[in-house]
Amino acid sequence: MAGKTSGNVNLSAAKTAKKDEFYTQLTDIEKEMRYYRKHFKDKTVLCNCDDPFESNFFKYFVLNFNRLGLKKLIATCYTGSPIANKQLSIFDILGESEETQNKPYKAVVTTVYDKTGDGGVDMLDVAELFKSGENELTELEGDGDFRSPECLELLDEADIVVTNPPFSLFREYVGVLVAHQKKFIIIGNVNAVKYRETFPLIMIF
Ligand SMILES: C[S@@+](CC[C@H](N)C(=O)[O-])C[C@H]1O[C@@H](n2cnc3c(N)ncnc32)[C@H](O)[C@@H]1O
């Protein structure tokens, strides 16, 4: 019986972890963001549940940085993410050590241009701009939890937060954004609209 309970607990934890690691498609982000384009001008956007080189939120904002007229883009990555713990090809480009690859980190982008000179802007330019130090890619002190002091400092710096947060922490996540009086766009599980914490926010708009 004890074994069965433990099995159920493990299964439930695995299901939760799986839901928390659901990644958003670029096309879905593009479809949604077209309604908000004008709101991003001269703004600092924070993606605080986003591995910069796997998250399509980071990709969308970095590749549309100039078109949207962004002031700054910040993305932070959580240590619990399996993606944070895998070998990232982008770090091979950057020549980072294996030790650095396994740590949660923060990306801060203030400039995006055709660094490679190949006639267009893509993720290779983004990598080169980190490599040259024109943009910043640094390790976080903690684990990248959106509730950690260093991530809350970044939250306070941001004008708009855009992400798909971990489903299991959805209520708490929205609570933190509201407590810090942030504007936000969340693409997430449709069931979350029925939450006590979320429904009144939807009624406002
Ligand atoms: C549903 S996934 C979405 C990932 C990404 N935002 C996207 O849409 O593709 C949620 C992400 O939040 C991360 N995460 C889980 N707990 C977190 C926490 N406490 N603080 C910050 N990020 C967390 C997970 O590792 C995962 O990468």
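Accessible areas are obtained by the Shrake-Rupley method with a 1.4 Å probe, and for residues only the protein chains shown count as cover.

**Figure 1. Overview of the predicted protein chain.** The accessible surface comes to about 11,400 Å², and carbon and sulfur atoms contribute 53% of this surface. Of the 205 residues, 40% are buried (under 20% relative accessible area, with a 1.4 Å probe and protein chains only). The chain contains 10 helices and six strands; these are DSSP runs numbered from the N terminus, with helices (H or I) of at least four residues and strands (E) of at least two.

**Figure 2. The open sheet and its edges.** Six strands are arranged in the order E4-E3-E2-E1-E5-E6, with mixed pairing; two strands pair if DSSP finds at least two bridges between them. Strands E4 (136–139) and E6 (183–186) stand at the edges with a single partner strand each, so one side of each has no neighbour in the sheet. From one strand to the next, the twist averages 15 degrees (axes are lines fitted to C-alpha atoms, for helices over the stretch in contact, and angles between N-to-C directions run from 0 to 180 degrees).

**Figure 3. Pairing of strands E1 and E5, with helix H9.** Strand E1 (residues 44–47) pairs with strand E5 (residues 160–163) in the parallel sense over two bridges. Leu-46 stands opposite Val-161 in E5. Helix H9 (residues 170–179) packs on the sheet and touches E5 and E6, where contact means heavy atoms within 4.5 Å. The direction of helix H9 makes about 155 degrees with that of E6.

**Notes.** Residues are numbered from 1 along each chain as its sequence is written, and side-chain values use heavy atoms, without hydrogens and water. In this predicted model, local features need pLDDT of at least 70 and side-chain atom pairs count only at pLDDT 80 or more, whereas totals for chains, interfaces and linings use all residues.

Note on methods:
Buried means under 20% relative accessible area, exposed over 50%, partly exposed in between (1.4 Å probe, protein chains only).
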